[in-house]
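Please open the model in your viewer and keep the sequence panel beside it. The stops below say what to select next and what is to be found there.

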Amino acid sequence: MEPITALTSAALKQAITHLTKKLIDKAWDIGENQGKNILGQLSEDYPATIYTERYVNRFLKMRTLHSAESDVYLNEIYSPLRIVKQGGSEEFIVGDTFTLNFNRTVNIIGIAGQGKSTILRQLFLQEIYKTERFPFFIELRKIEESSILDYLKQQLEDIGLSLIEGDVEILLQSRKVVLMLDGFDEVTSSRRHRLLNEINQLKTRYNCSVIVTSRPGTEICTEIDIINFKVKTLNCNEIISIISKLDRNAVNEELKDLIINNVQLQGTLVSPILVNLLYVCYPYLDIVPKNVIDFYDKLFITLFSRHDKIKNFNRERSSQVSSIEAGNIFNAFCFDSLNKNVMEFTEESLYKFLNSALKLNGTSLELTEKVQNDLIDITCLIQKDGFDKYLFLHKSIQEFHAAKFIASLPHVHKEKFYLKLLEVIDEEDKFDNVLQFLKEIDTNDYNALLVLKYFQNKKLNRLNTESKDTVLGNIISEILKARVIEFEIKDGEYEIASLESITSNNLLSTLNLFNNSVRGAVLVSEGLLENHLFKRQKTTFNINLLTATELKQISRKSKKRGDSSGIAKLSVFDYLKSSKGYDSFEKALKNEIITFVTDIYSPIEEKNRMVARVLDIDFNI
């Protein structure tokens, strides 16, 4: 079927019906009729209508900052973005007719606002056009305590399909379906391990095609047997292309010229969200933002004030609170909701969160409803999405203003926040993007109350003392004992079934976060270990290759003992000890940790000492 030039509910329903009938007509293996039955029901008029209205429309329609009062379809605003396969150099343009079809699970990685979800929606649309696989789109944060499989079944039952036990499983293994799982990073860290196991099982048990999206550094980014694609930062042509999509009437040629002639601004506009923000805010700005922090910092007050320098026009506000006071309320609202893992609101929950924010700011609670109206109608940073549902324009908006709230706290309360974060930072990444903002807007306290305290808590400030080897040795053994390798053994041979990254949810991930702004950067030592395990290569560690019999023997003694189904499970610590590679691996990892200390801790500590000397003033009053 040729791509539809104009998306409408009727056109999409027709496309869904055409897709299901096309797939039904393909060859199906014996025993797959139960799965075929689901597509047969979806091809009927009523289920196709409900599915299109309730799901397809929902994922292909959206509200944007420049179209805050009406929905727009994806094809009206989407400008092709580039992705590159991790470890490769070839770029792929995610445009019309492009799909991702690999034997392994695909993970699309991008920073905040870089377009991961939009790319997945574009792939969803193209799968409908291509008529080779039926795409199911699932927002992972909505699964809550259910499983991916049960959630999918519930979606199908909600549109009136009649399911028999095993129907959905057979459909998944028919190779005529692709599951699109959006926002792995938006799932709470405590639930991710279970979800990751489910995603792996979808491939191993049903051989089902799966595409996931995630921010960098989450557990799925370092999982074996998954193909990672990274979203590329925008180049000048892509920036102009996005502006052109937004500026259909070509009334803002001045902005395009500004971007083309300003290399520094091009370097700042690294993601579609920032281009959108610039486009909408430009008529109200006196000075163009110089960097990402400057963008977000100017955003709220610009939108709340909304004085159009072209039309000399101010939007009428309901609450009459000042822009500064409204900003403080919004900051508190963003922190409170983020801290409680809330991105979506009902009318009631939105009112409660805002009521709490007004109370914290000392503003009359009688103004809650009016402030709510202003945030929705004037700033458009919170948008209504269907019946009784409100969303942030983008999660990064919530994160930046949560950072503003933290930075503005009295010192005693700010210290309490950072101390609480220190207790969980190795395992909890909810505030990772907030910390990247705090690193810039709250530098001194971020360094003193978080970074330095973290190194001191881990005793990494003692590396110039005699206890250096003991401190590092304890840290490394603890990390390696907690990481598991599973070997699948059959007929005297073995393959790696799974390998837990040594840089996940521990000191190494936090050091990566402080140094690289993401947790998941692979260390050289980890890369060499993976080459040894997967490629059976000799490395500079000179680790011995173990036999399947030796692995079984070690597994039986290990606390990570495997079961009797041909799986040998042992810790990385036990494996390295048994293969005579522990000492050399420990030495390499020690050197990498020392480098982190040298690059992160030492400069901050030296600067603090220097400032202390300069400010050592005798206040003899």
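**First stop: two crossing helices**

Select helix H15 (residues 347-361) together with H16, whose axes come within 9 Å and cross at roughly 110 degrees; the axes are lines fitted to C-alpha atoms, for helices over the stretch in contact, with angles running from 0 to 180 degrees between N-to-C directions. That crossing makes H15 roughly perpendicular to H16, on a scale where angles under 35 degrees count as roughly parallel, over 145 as roughly antiparallel, 65 to 115 as roughly perpendicular and the rest as oblique. Helices (H or I, at least four residues) and strands (E, at least two) are DSSP runs, numbered from the N terminus.

This is a predicted model, in which local features need pLDDT of at least 70 and side-chain atom pairs count only at pLDDT 80 or more, while totals for chains, interfaces and linings use all residues. Residues are numbered from 1 along each chain as its sequence is written, and side-chain values use heavy atoms, with hydrogens and water left out.

Now show the side chains where the two helices touch, contact meaning heavy atoms within 4.5 Å. H15 contributes Glu347, Leu350, Tyr351, Leu354, Asn355 and Leu358, and H16 contributes Thr368, Glu369, Val371, Gln372, Leu375 and Ile376. Sorted by class, this contact has seven nonpolar, three polar and two charged residues, where Ala, Val, Leu, Ile, Met, Phe, Trp, Tyr, Cys and Pro count as nonpolar, Asp, Glu, Lys and Arg as charged, and the others, Gly among them, as polar.

**Second stop: Cys380**

Select Cys380, in the loop between helix H16 (368-379) and strand S13 (382-384). Cys380 has a positive phi of about 65 degrees although it is not a glycine, and it is buried at a relative accessible area of 5%; buried means under 20% relative accessible area, exposed over 50% and partly exposed in between (1.4 Å probe, protein chains only).

**Third stop: aromatic rings**

Colour the aromatic side chains next, since a search of the whole structure finds 34 aromatic pairs. Rings of Phe, Tyr and Trp (its six-membered ring) pair if their centres lie within 6.5 Å, and planes under 30 degrees apart count as stacked, over 60 as edge-to-face and the rest as tilted. Select Phe300 and Phe330, whose ring centres are 5.1 Å apart with planes at 20 degrees, so this pair is stacked. Phe300 belongs to helix H13 (residues 292-305) and Phe330 to helix H14 (residues 323-339), so that the pair links distant parts of the chain, 30 residues apart. Phe300 and Phe330 are both buried.

Move on to Phe333 and Phe392, where the ring centres lie 5.6 Å apart and the planes stand at 40 degrees, so the pair is tilted. Because Phe333 lies in helix H14 and Phe392 in strand S14 (residues 390-392), this pair ties together parts that are 59 residues apart in sequence. Phe333 and Phe392 are buried as well. To see the wider setting, select Phe300, Phe304, Phe330, Phe333, Phe345, Phe353 and Phe392, which ring pairs link into a cluster.

**Fourth stop: charges over rings**

Which ring has the charged end of Lys176 over it? It is the ring of Trp28, with that charged end 4.5 Å from the ring centre; a charge sits over a ring if NZ of Lys or CZ of Arg is within 6 Å of the ring centre and within 35 degrees of the ring normal. Elsewhere, Lys577 lies over the face of Tyr582, at 4.4 Å from the ring centre.

Then select Lys580, in the loop between helix H25 (572-578) and helix H26 (582-614). Lys580 also has a positive phi of about 65 degrees without being a glycine, and at 62% relative accessibility it counts as exposed.

**Fifth stop: three single residues**

Select Glu127 in helix H5 (residues 116-130); is this residue buried or exposed? At 2% relative accessibility Glu127 counts as buried, and beyond its neighbours within four places in sequence it is in contact with residues including Leu19, Thr99, Val178 and Met180.

Leu161, in the loop between helix H6 (148-158) and helix H7 (167-172), counts as buried at 6% relative accessibility. Leaving aside neighbours within four places in sequence, Leu161 is in contact with Ile38, Gln41, Leu42, Pro47 and Leu156.

Finish at Arg104, in the loop between strand S4 (91-94) and strand S5 (105-109), which counts as partly exposed at 33% relative accessibility. With neighbours within four places in sequence set aside, Arg104 is in contact with Lys203, Asp225, Ile226 and Ile227.
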